[in-house]
Each structure stands twice: as C-alpha cells, then as structure tokens.
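The following exercises concern a single structure and are each followed by a worked solution. Please inspect the sequence and the coordinates before starting.

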Amino acid sequence: MSSIDESERILATTSHPARSQQERFEKIRTLVRKNSDEASRQLAAEVAALIEKRQAEGKSYVLGLATGSTPVPFYRELIRLHQEGLSFNNVVTFNLDEYYGLQRDHPESYYRFMHDQLFDHVDIPAEQIHIPDGTVAMEEVYDYCLSYERQIEEAGGLDLQILGIGRTGHIGFNEPGSAMDSITRMITLDRVTRQDAAADFMGVANVPRSAITMGVGTILKAENLVLMAWGSNKAEIVKEASEGRMTDRVSASFLQTHDHAVFLIDSAASAHLTRFRHPWLVGPVSWDPAMKNRAVTWLSGEIGKPILKLIDEDYNEKGAGELLASTSEAAYEVNIDSFNRVQHTITGWPGGKPNADDSNRPERASPFPKKILVLSPEPMDAFIGMGGTLNRLKEQGHQVKLAFQTSGNLRVADVAALNFARVILEMADAQSVSGWEDQKQYAQSIINALSEKGEFGVDPQLVRKLKGLIIRGEVRDAASVCGLEPEEVTFLDLPFYEKGRYRRFQKTESDLAVMKEALSETEPDIIYITGEAGDPSSNQAISFQVFAEAWEQVAHEPWRKDCRIWAYRGRDGGFETHEIEMAVPMSPDQLEQKVESIRKFMSTSDDDLSASTRNREIAATYDALGMAEYEAIEAFRRWSN
Ligand code: F6R
C-alpha cells in the first residue's frame with residue numbers, strides 16, 4: 001500500500017491529511033469509492049498489511065467487527081487474502097453485538113453469521129474470537145457486559161473497529177438515546193431497526209426485542225474507526241451523522257469527536273453530503289443546464305416559492321447567487337429554462353405518444369407499439385414502483401412483458417404453505433374426493449418439512465417450490481389489477497435467489513445466462529428496471545447487477561442500440577426532483593388501483609403501501625415548483641452505463 005496517496009489512505013498513520021474546501025461541511029473524514037467492492041478491497045489490503053506488520057513484531061492485532069450486510073464484501077476480501085497466504089493467527093476479534101435470546105446455532109445469530117461469513121474460512125484460533133453471548137441469564141447480563149469490557153482492555157484495546165450504520169444512526173446496537181460514554185450493555189432495539197431485520201427473520205414479530213451491544217464509549221476507545229455504508233438507503237443518515245449536530249439521537253455522530261474516524265462509503269450513500277448534493281454551496285461548479293436545473297429546483301424548495309416566482313435576492317439569500325453572476329443571466333431566464341425542463345418531464349405517455357411531436361417528450365413516438373420489458377427483482381417491486389405506469393403502458397397498446405427476476409418465494413410465510421397443505425388434506429378427507437393418496441402424501445411432506453426446519457430454518461426445495469407457486473398466484477392477481485393478462489407475466493427464477501437467505505445472496509454465471517436469454521428473446525424497445533442504487537447485498541441490487549452484466553454481453557445485438565432503459569424506484573429511496581426525467585401522473589382512481597395491486601400480496605407491509613404516499617409527495621413537489629397539480633406521480637430516470 002506504500003504507493004497510495006496519503007490523503008486516500010483509509011487508516012490513519014500519524015495524523016490525517018487536511019480536508020478540502022469542498023469537504024468543509026463534513027465533521028468526519030469521508031472517503032467515497034465507486035462501489036462497496038472497491039472500498040472493501042482497499043480496506044482489506046490496509047488491514048492485512050497491519051496484521052502482517054504486527055506478526056513481524058510478534059504482537060497481536062485487535063480487530064472490532066460488525067455484522068449485517070455492510071461488512072460482507074470486506075470479509076470476502078479478507079478470506080481471499082487468507083487464501084493468498086495472509087494468516088490470522090495473531091488476530092484477536094471482538095464483535096460489536098448479538099441479539100439477546102438467540103442460541104448460537106440460530107440462523108440469524110451473529111455468532112453464526114460471523115462463522116459463516118469469516119471465521120470458518122480463515123485460520124483464526126477459536127479462543128481469540130469474542131462475540132457477546134446472547135444466552136446469558138438476565139440477572140448475569142450486567143456482570144457479563146463488564147467482563148466483555150475487561151477482555152477488550154486485557155487484549156490491549158481495539159486497534160480498529162469496523163462499523164456499519166443503521167437507519168436510526170446506530171453504531172453497534174446503540175439506538176437513539178445512547179450516551180457518548182455508554183459501555184457494553186443490554187439495549188432495547190428500535191422499531192426501525194427491527195423493521196429492517198424483518199425479512200431476515202421472516203416477519204417483524206420474530207425479530208428479538210433486545211440485544212447486547214458494545215457502548216458508544218467502548219467503540220470510541222478504539223484506535224481507528226471505519227464506518228462503512230453502501231446504497232442510497234444510507235445516504236440520509238450518513239449526511240446527518242457527518243454534517244449534523246453531534247447528538248445522542250444519532251449515535252454515529254459521536255464519531256465526530258474521534259481523531260481517527262473515517263466514513264468509507266460508496267457513491268450512492270454519499271449522495272446527500274453537501275459537496276455532492278449542493279456542490280455550488282462548497283465551491284465553483286460548471287453551470288451546465290442540468291446543474292442549473294438542480295440548483296433552481298432546490299432553491300424553489302428552500303425558499304418555498306414556485307420556480308417562476310424566484311427573484312435575484314432569493315438566489316443570493318441561499319448561496320446560489322453565483323449561478324446568476326457567472327452566467328450573466330437574470331433570474332427570470334434561468335427560471336424559465338428550469339421550469340420548461342421540469343415541465344417536459346411530465347407525460348401521460350410513458351411508452352411515447354404515437355404520431356406526436358416528441359422533441360420535448362421523455363419518450364420517442366416511434367416505433368409504435370413498443371416491446372416493453374418491465375423487470376421486477378421480487379414480485380412486489382414493479383407494482384410498488386410503477387403499478388400506475390404499467391397500467392398505462394398496457395392501455396396505450398404496447399406489448400408489455402412483466403418479468404420477475406426472482407421467484408420471490410422467501411416473501412411467502414410458512415403459514416401460507418401450511419394452509420395450502422391443510423386444504424389439500426381436508427379436501428382429500430372429504431367424501432367427494434377419493435383416490436388422492438399422492439396429494440395427501442405431498443401435503444403431509446410439506447407439513448413435516450415445515451415443522452422440521454422450524455420457524456427460522458432454511459426452506460427445503462419442496463417448500464420453496466410451493467411458496468413460489470403461491471406467490472405466482474398473487475402476482476397474477478396483482479398484474480390483472482394493472483390490466484395485464486397471465487401470458488404477459490414471466491418468471492426468470494434467477495438461481496442466486498433460490499440458494500440464499502436475505503443479505504447472503506451471491507450471483508453466479510448461471511444468473512447471467514438466464515438474464516441474457518430473457519433480453520435476447522424479447523429484443524425490447526424499452527426496459528424498466530430498479531435496484532441500481534440499492535444496498536449491494538439486497539436482492540434488488542443483485543438482480544440489477546445481473547441485468548447490467550447481461551446488458552453488456554448483448555452489446556452486439558442490433559436491437560440494443562435503440563433500446564432505452566428507465567429506472568424506477570421500488571423499495572429503495574426515491575429520486576431527487578432534479579434526477580427525475582420522466583414523471584407519469586396518476587389520477588386518484590389510478591392510485592387506488594395501484595394500491596389494490598400491492599394489497600394482493602399476503603406479505604404486504606405498511607411500508608409497501610406507503611408507495612402511494614411517496615407518489616403523492618412527488619406530485620406535491622411538482623405542484624410546489626409551479627407545475628400542474630396532480631393526485632400522484634410515478635418517477636423515472638434514464639439509465640445508461
Ligand atoms: C451489526 C451492527 C449494526 C449494523 C447496522 C447496519 O453488528 O453493529 O450497527 O452495522 O445495523 O446494518 P446493515 O449493514 O445490515 O445495513
């Protein structure tokens with residue numbers, strides 16, 4: 001690592017390099033990398049060098065570790081380095097936290113997670129691994145936590161603590177309200193944290209209510225702290241922790257006090273930092289039309305005035321005066337340009353309007369009808385992100401193909417499969433049906449498999465298959481609400497999903513082959529996709545990566561050069577106003593219909609239904625900018641690599 005520029009090094013050597021003017025809003029040193037793999041590779045290489053240095057000195061290296069999806073690429077890289085010869089025999093580890101009440105062999109225990117993701121693949125001696133024990137009797141927890149603190153001290157303190165960040169701003173499980181000097185202790189998990197873990201535990205009700213966690217004070221004692229964050233879902237909390245006031249409402253903000261704390265994030269997670277979101281506030285920018293539009297839509301929101309009413313003083317007041325000064329334009333001209341730009345994103349014709357002048361429309365008029373491929377990572381994503389648009393595309397006569405990239409069977413609760421099996425048994429027992437021996441046997445094997453695997457075990461193939469069929473039924477129902485016929489719906493059943501659990505998926509070549517075939521077979525004029533800014537370990541992001549690689553591999557096919565790709569947002573955070581390139585309005589009836597399609601899934605949560613709130617919010621934002629007032633809007637952005 002010696003060739004690396006000091007300002008780009010993640011771990012501190014002596015003192016940190018000076019920050020640039022652009023970074024002045026950030027109270028924690030922040031390094032942005034293209035993606036989690038690139039960031040993790042660099043961090044692992046630096047850590048490996050330190051481990052080896054200590055080995056040469058005959059000393060141990062004490063590493064604080066985190067669980068969750070964030071550190072997974074880092075652990076993968078450490079394993080790779082081990083395979084190349086790096087030894088962990090002098091490494092002592094302390095994990096941040098553990099759910100309280102989970103046995104070590106529970107599939108979601110952090111003990112199990114750490115062994116699956118790292119320890120079982122490297123040569124670290126078992127006695128050098130420390131993970132809080134979630135099974136300690138309640139009356140012993142206090143003493144146990146003190147002894148955990150003591151063990152860290154006896155090991156010489158943490159050389160480096162790896163951190164992720166929760167949407168509540170927690171580090172470890174230090175939920176809002178955790179004091180800066182808090183130590184290892186039992187904590188009650190926040191509602192948001194439990195919600196975020198719901199998919200892992202097959203429902204929020206199964207997520208433990210409490211955990212044992214290192215305290216903020218314990219963490220701050222580490223020599224070096226690296227907090228990693230990936231994906232757009234983390235962008236808001238990263239900004240709050242780094243640029244906001246230090247507060248116990250956001251425990252990661254306490255890193256502001258630490259001399260050797262670094263945020264290592266990908267570009268999606270960096271999007272809300274002032275230097276990227278409002279770059280004109282931190283230094284000179286090149287005022288191309290997109291940048292101007294970005295500043296004007298932001299200014300309109302800040303001042304609370306529609307675009308066309310903004311005056312010179314408004315620009316000055318909010319630090320955007322440079323826009324007018326450097327372009328020598330009057331506010332009026334800049335306003336009009338931006339107004340038109342936003343206005344032109346609005347269209348009731350998401351597949352293009354046939355025989356119309358399309359010079360100012362987001363989509364082309366021809367060809368008509370178009371072959372449109374809508375890709376949905378899991379069955380609910382397309383309905384959440386673009387249920388209204390799906391309906392319009394169909395009504396406007398396009399050839400729509402709605403393709404579900406994964407089977408979605410992980411979304412189906414055990415009870416749904418159980419009920420199905422019970423119905424078969426009851427039917428077989430009924431007088432009117434005889435000779436159902438095979439069916440009875442099948443139903444019984446489903447019931448047995450469910451009881452054998454227990455509430456959190458991995459579903460055997462037989463159960464996954466049934467759950468897949470159950471969700472297919474829901475999908476057909478939802479699609480028909482949006483006007484689609486069953487033959488317009490297909491399932492790609494990408495293999496990576498069938499082998500995994502949430503947060504532990506890994507794509508392979510066979511995923512790519514399936515995706516490529518779907519593209520080549522359809523030869524679409526338009527593709528709708530999602531997941532491009534998601535947490536890289538999520539099903540959405542992996543499905544997107546599979547698409548993006550397949551897209552590269554069909555580069556030579558003639559249809560591709562005229563194919564346009566629109567990104568929509570399902571479960572991931574929405575677009576910023578300036579990012580929207582197509583805004584498809586919805587009437588109250590259309591919105592109602594979309595909600596109805598989302599309700600067709602048994603696993604629908606309040607969060608899923610809040611898609612309609614987001615659609616209303618986009619419409620309200622457009623209204624506030626001075627556009628026409630719609631009930632709701634679905635938003636899209638062009639994607640190209
Ligand atoms: C886990 C931990 C948590 C996670 C955080 C982010 O040991 O300490 O603070 O780092 O909840 O979780 P992911 O990485 O799953 O988004």
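Which residues does Ser109 touch, not counting residues up to four places away in sequence? The model is a predicted one, in which local features need pLDDT of at least 70, side-chain atom pairs count only at pLDDT 80 or more, and totals for chains, interfaces and linings use all residues. Residues are numbered from 1 along each chain as its sequence is written, and side-chain values use heavy atoms, with hydrogens and water left out.

**Exercise 1. Surroundings of Ser109**

Solution.
- Step 1: Ser109 is found in the loop that runs between β4 (97-99) and α3 (110-117); helices (H or I, at least four residues) and strands (E, at least two) are DSSP runs, numbered from the N terminus.
- Step 2: With residues up to four places away in sequence set aside, Ser109 touches Glu98, Leu102, Gln103 and Arg104, where contact means heavy atoms within 4.5 Å.
- Step 3: The relative accessibility of Ser109 is 0%, so Ser109 counts as buried. Buried means under 20% relative accessible area, exposed over 50%, and partly exposed in between (1.4 Å probe, protein chains only).

**Exercise 2. Place and contacts of Pro71**

Determine where Pro71 lies and what it touches.

Solution.
- Step 1: The loop between β2 (61-65) and α2 (72-83) contains Pro71.
- Step 2: Pro71 counts as buried because its relative accessibility is 2%.
- Step 3: Not counting residues up to four places away in sequence, Pro71 touches Ala66, Ile162 and Met228.
- Step 4: From C-alpha to C-alpha, Pro71 and Met114 are 10 Å apart in space, with their positions 43 residues apart in sequence.

**Exercise 3. The ligand shell**

State which residues come nearest to the ligand and describe the polar contacts of the ligand.

Solution.
- Step 1: There are 14 residues around the ligand, of which Thr70, Asp97, His170, Lys234 and Arg503 come nearest; a residue is near a molecule if one of its heavy atoms lies within 4 Å of it.
- Step 2: The shell divides into three nonpolar, eight polar and three charged residues. Here Ala, Val, Leu, Ile, Met, Phe, Trp, Tyr, Cys and Pro count as nonpolar, Asp, Glu, Lys and Arg as charged, and the others, Gly among them, as polar.
- Step 3: An N or O atom in the side chain of Asp97 is 2.7 Å from an oxygen atom of the ligand. For His170, the corresponding distance to a ligand oxygen atom is 2.6 Å. A polar side-chain atom of Lys234 lies 2.6 Å from an oxygen atom of the ligand.
- Step 4: On its own the ligand has 410 Å² of accessible area, and the protein covers 92% of it (Shrake-Rupley method, 1.4 Å probe).

**Exercise 4. Helix α7 and its salt bridge**

Which residues of α7 are buried, and what covers them?

Solution.
- Step 1: The buried residues are Ala235, Ile237, Val238, Ala241, Ser242 and Glu243.
- Step 2: Their cover includes β1 (29-33), β9 (224-229), β10 (261-266), α8 (267-270) and α9 (274-277).
- Step 3: Glu243 and Lys239 form a salt bridge with an N to O distance of 3.5 Å; a salt bridge is a side-chain nitrogen of Lys or Arg within 4 Å of a carboxyl oxygen of Asp or Glu.
- Step 4: Glu243 and Lys239 are four residues apart in helix α7 (residues 235-243), and therefore about one helical turn separates them.
- Step 5: Glu243 counts as buried at 12% relative accessibility, whereas Lys239 is partly exposed with a relative accessible area of 22%.

Definitions and conventions:
A polar contact is a pair of N or O atoms within 3.5 Å; within protein, one must be able to donate a hydrogen and the other to accept it, and residues adjacent in sequence count only if both atoms are side-chain atoms.
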